[in-house]
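Thank you all for coming; I would like to walk you through one structure this morning, going from a pocket to the cores and then to a helix. Please have the sequence and the model in view while I talk.

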Amino acid sequence: MSAMSRVVIIGGGPGGYESALVAAQLGADVTVVDTDGVGGSAVLTDCVPSKTLIATAELMTDMAEAAELGIEARDHQGDLSTTLEVDLAKVNARVKRLASDQSADIARRLEREKVRVVPGRGLLDSPGAVVAELADGGTETLTADAVLVATGAAPRTLPSAVPDGERILTWEQVYDLTEVPTELIVVGSGVTGAEFASAYLALGIPVTLVSSRDRVLPGEDADAAQVLEDVLTRRGMKVLGQSRMESVTRSGDVVTVRLTDGREVQGSHCILALGSVPNTAGVGLEEAGVTLDDGGFVKVDRVSRTSARGVYAAGDCTGVLMLASVAAMQGRIAMWHFLGDAVAPLDLKRVSSNVFTAPEIATVGWSQRAIDAGEIQAETVMLPLRGNPRAKMQGVHDGFVKLFCRPGTGIVVGGVVVGPRASELIHPVSLAVAESITADQLAQAFTVYPSMSGSVAEAARRLHHF
């Protein structure tokens, strides 16, 4: 491929800016057409902001458990966190500042790599051309040897539950709150709903979680979801299972969530976590020969190609697996493929993911559900964290490590970690899955004593006899 290959990327989120960096590294002339600021929703309104909020919530969770470790406030008995108050305006100001700083860091990196960023809305005019509707007016047509579509997705809303940005909120709007909700209702018990419900509960806000399914996190490991729901209800959250939302309305300072069975739940604020819709309408995709599925997501193969020659797509607009890490990998794979570098097709069985609740839930590889359904044969060991010496020292009572390995070979094919910083603890399991390491090999690697990661090695040791 020529060193002067021209690549135009529509969207500056993880799928866009990571692919831009790879293309620039491989000698292409790269332009990113970006609407909202580089970093996309992951940096500006989703991952970075929500995890910054959760960092504050984690500190409050630690304070709630401080008495067990022998720490108490003077002239106060019991839960130390009850003496603390959250300044939500200050928390959200920090959230926005960190998101803005991260976006600026990415912009500087792109500039250093000679990637041109065009502020505006990108439209696919043909497989070889993108029209940028410039933010300061006018248009610019950019010719391309390859186009990457990385337009992301937006929070799903319903006509019966319209956000007002003040008391009925999408997850992108919560960072404008300056007053602390007196009673928060979260509609939706998937990852986003569970994360916000857990975070605001830790901040001392009464939370009711409305779930249309029979449990929290219906898409996650059932054992992990049960641990989380038990912890949340023990901490005071009201979880309404098998409760489908019919409408959300506001009257003054009161928000009412009406359920399909006629019940009503009232609070001061409501967060809608109803899933996402792809930002693919009105971008010229279908006119240029790009096939969309029934949900409006771009159809791609495992090297990120669309149905239009020379047009690739990455990230949430593809609906493949809506994680920033997957978006980034899809974008990199697209550029490696187009520019002739070594490339391996996307393998979702190697993706590690995390739910940033308290406790966290991290997973990688094959799931318990797939094993139970007979999709793969695997042996399972589940080891509660409460027996781990470091967990005892830190007052951790909830959580576990679960490993799956193939009978006969002993190769680790998946795992689940539930506990504090599970997002960090899953990494050795992720490496084992990615490199086809056996349980014995995982068990024989040294771990620090005492450490939470010791439970990963211990679980692997318990798989030795299979």
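Since I will be naming helices throughout, let me say that a helix here is a DSSP run of H or I with at least four residues, numbered from the N terminus. Please also keep in mind that this is a predicted model.

I will begin with the second largest pocket, to whose lining α3, α5, α9 (389-394) and α10 (422-425) each supply at least two residues. The largest share, six residues, comes from α3. The volume of this pocket is about 1100 Å³, and 44 residues line it, with Glu-58, Thr-61, Asp-62, Glu-65 and Arg-235 lying nearest its centre. By character, the lining divides into 20 nonpolar, eleven polar and 13 charged residues.

Turning to the interior, the largest nonpolar core has 46 residues, and those that touch the most other members are Leu-53, Phe-196, Tyr-200, Leu-203, Val-207 and Leu-217. Several elements each supply at least two residues of this core, among them α3 (47-64), α4 (88-112), α6 (222-234) and the strands β21 (400-405) and β22 (412-419). It is α5, however, that gives the most to this core, with seven residues. If we look at Tyr-200, and set aside residues up to four places away in sequence, we find that it touches Leu-53, Leu-88, Val-174, Leu-184, Ile-205, Val-207 and Ile-271. There is also a second, separate core, of 26 residues, which includes Val-417, Ala-432, Val-456 and Leu-463.

Now to helix α7, where the geometry can be checked: at 1.5 Å a residue, the 15 residues of α7 (residues 324-338) should span 21 Å, and the end C-alpha atoms are indeed 21 Å apart, which agrees. Which residues of α7 are buried? They are Val-326, Ala-327, Ala-328, Gln-330, Gly-331, Ile-333, Ala-334, Met-335 and Phe-338, and they pack against β1 (6-10), α1 (14-25), β6 (146-149) and β17 (311-313). Just after α7, Gly-340 takes a positive phi of about 80°.

Finally, I would like to set two residues side by side. Arg-309, in the loop between β16 (276-278) and β17, has a relative accessible area of 80% and is therefore exposed, the cut-off being over 50%. Thr-170, which lies in strand β8 (residues 168-170), counts as buried because its relative accessibility is 7%, against a limit of under 20%. Leaving aside neighbours within four places in sequence, Thr-170 is in contact with Pro-155, Thr-157, Pro-163 and Leu-272.

Terms used. Residues numbered from 1 in each chain as written. Predicted model: local features only at pLDDT ≥ 70, side-chain atom pairs only at ≥ 80, totals over all residues. Heavy atoms only, no water. Expected span 1.5 Å × (residues − 1). Buried < 20%, exposed > 50% of the residue type's maximum accessible area, 1.4 Å probe, protein only. Contact = heavy atoms within 4.5 Å. Core = buried A, V, L, I, M, F, W, Y, C linked by side-chain atoms within 4.5 Å. 1 Å grid on protein atoms, 1.4 Å probe; cavity = no way out; pocket = protein on both sides within 12 Å on 5 of 7 lines; lining within 4 Å. Points joined across faces, edges and corners; volume = space filled by probe spheres on them. Nonpolar A, V, L, I, M, F, W, Y, C, P; charged D, E, K, R; others polar.
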